[in-house]
Every structure is written in structure tokens, then in C-alpha cells.
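Visitor: Hey, I've just opened this one. Can you walk me through a few spots?

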Amino acid sequence: METFDKAKAARVWQRVQGDVATNPTRGLQGLIAEEWADAALYLSLSRRVQGNAAVILRKMGQEEQAHMACLKGIYTLQGTGRPNVPTPPTPDNAPVSTMLRRCYGREMRCLAQYEARANDPEYGQIFTRMAQQEREHCRLILELLGSLPQDK
């Protein structure tokens, strides 16, 4: 297992925050693509599970679609036109637990980006709200992973 270099992480985090402060649209297309991919994946996974898990995944998919729409709106208001975002890949048929593990990593990346943008004078409150939802998505993914039957 690799060791965690706190100093290096702090430098990377500072660079991300600096980039966001000087160019609010930097990285928005990537975030839009991440949110679109997550929305598609959650909706796909909701069809592979039953009961409360399906309801949770559908709701998460809808929230990711809303995040995507907000990000597109921000991108458009910044005067840069409409974002050019590729269609998300078709979710594969990996086990649900494997797919949820991948989602957790993407949620954490988006969370970090939203937290880095929370001080934006124009859209900070939007990024803060989306960060709160991403935090909740992380919690829900862990809950789902902990409650899945072994064969999923």
C-alpha cells in the first residue's frame, strides 16, 4: 500500500483551488461528464437491484442529472457557450458492488472539486449545495455496499 504524502496533497489541493479561482469554468466540462456518467450509471444500477436500493439509486441518478444541468447553466452563464460533453459510456455488467466502488471514487473527486469552488463569489452557494449532496451520495454508496447480498 502506498504511503500518503500530506505535503504533496496540500500542494495539489492548493493548485486546484488556485486554478478554480482564476478561471471558474476550468474543469466544468469534465465535471459535467462525470455527473452525466454517474447519473447514467445510477439509473442503470437501479434496474439491477430491488426495493429500497433501487429507490435510492434512482434518486441519486436524478440528483446527478440536476448537478449536470446546474454545471451546464454555470458554463453557459460564463459566456463560453454550451459545453461540449461526450455521451457517457454504456455501463458495463460488472457486479453491482464493483460499480458502486467506482462511483464512490468519482463522487469523492466531484466533492473535492465542488469544495474547491465553494468560495466562488457568484456560484459558491451552488457548489456548496452540490458538495453536500455528493457527501450524502458517498454515505449512501457505503450503506448500499454494506447491505448488498454477497452474490451481487
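**A look at Glu143 and the cores**

Guide: Glu143 is partly exposed (between 20% and 50% relative accessible area, 1.4 Å probe, protein chains only), because its relative accessible area is 39%. This is a predicted model, where local features need pLDDT of at least 70, side-chain atom pairs count only at pLDDT 80 or more, and totals for chains, interfaces and linings use all residues. Residues are numbered from 1 along each chain as its sequence is written, and side-chain values use heavy atoms, leaving out hydrogens and water.

Visitor: Cool, which helix does Glu143 lie in?

Guide: Helix H5, residues 124-147; helices here are DSSP runs (H or I, at least four residues), numbered from the N terminus.

Visitor: And how far apart are the C-alpha atoms of Glu143 and Ala53?

Guide: They're separated by 9.4 Å, though the two residues are 90 residues apart along the chain.

Visitor: New topic: how many residues are in the largest nonpolar core?

Guide: That core has 18 residues, and Leu45, Val49, Leu57 and Leu100 have the most contacts inside it. A nonpolar core is a set of buried (under 20% relative accessible area) Ala, Val, Leu, Ile, Met, Phe, Trp, Tyr and Cys residues joined through side-chain atoms within 4.5 Å.

Visitor: Which element gives the most to this core?

Guide: H3 does, with five residues.

Visitor: What comes after H3?

Guide: Gly81 follows H3, and its phi is positive, near 80°.

Visitor: Last one: what lies over the face of Trp36?

Guide: Lys72, at 5.8 Å from the ring centre. The rule is NZ of Lys or CZ of Arg within 6 Å of the ring centre and within 35 degrees of the ring normal.

Methods:
Helix = DSSP H or I, 4+ residues; strand = E, 2+ residues; numbered from the N terminus.
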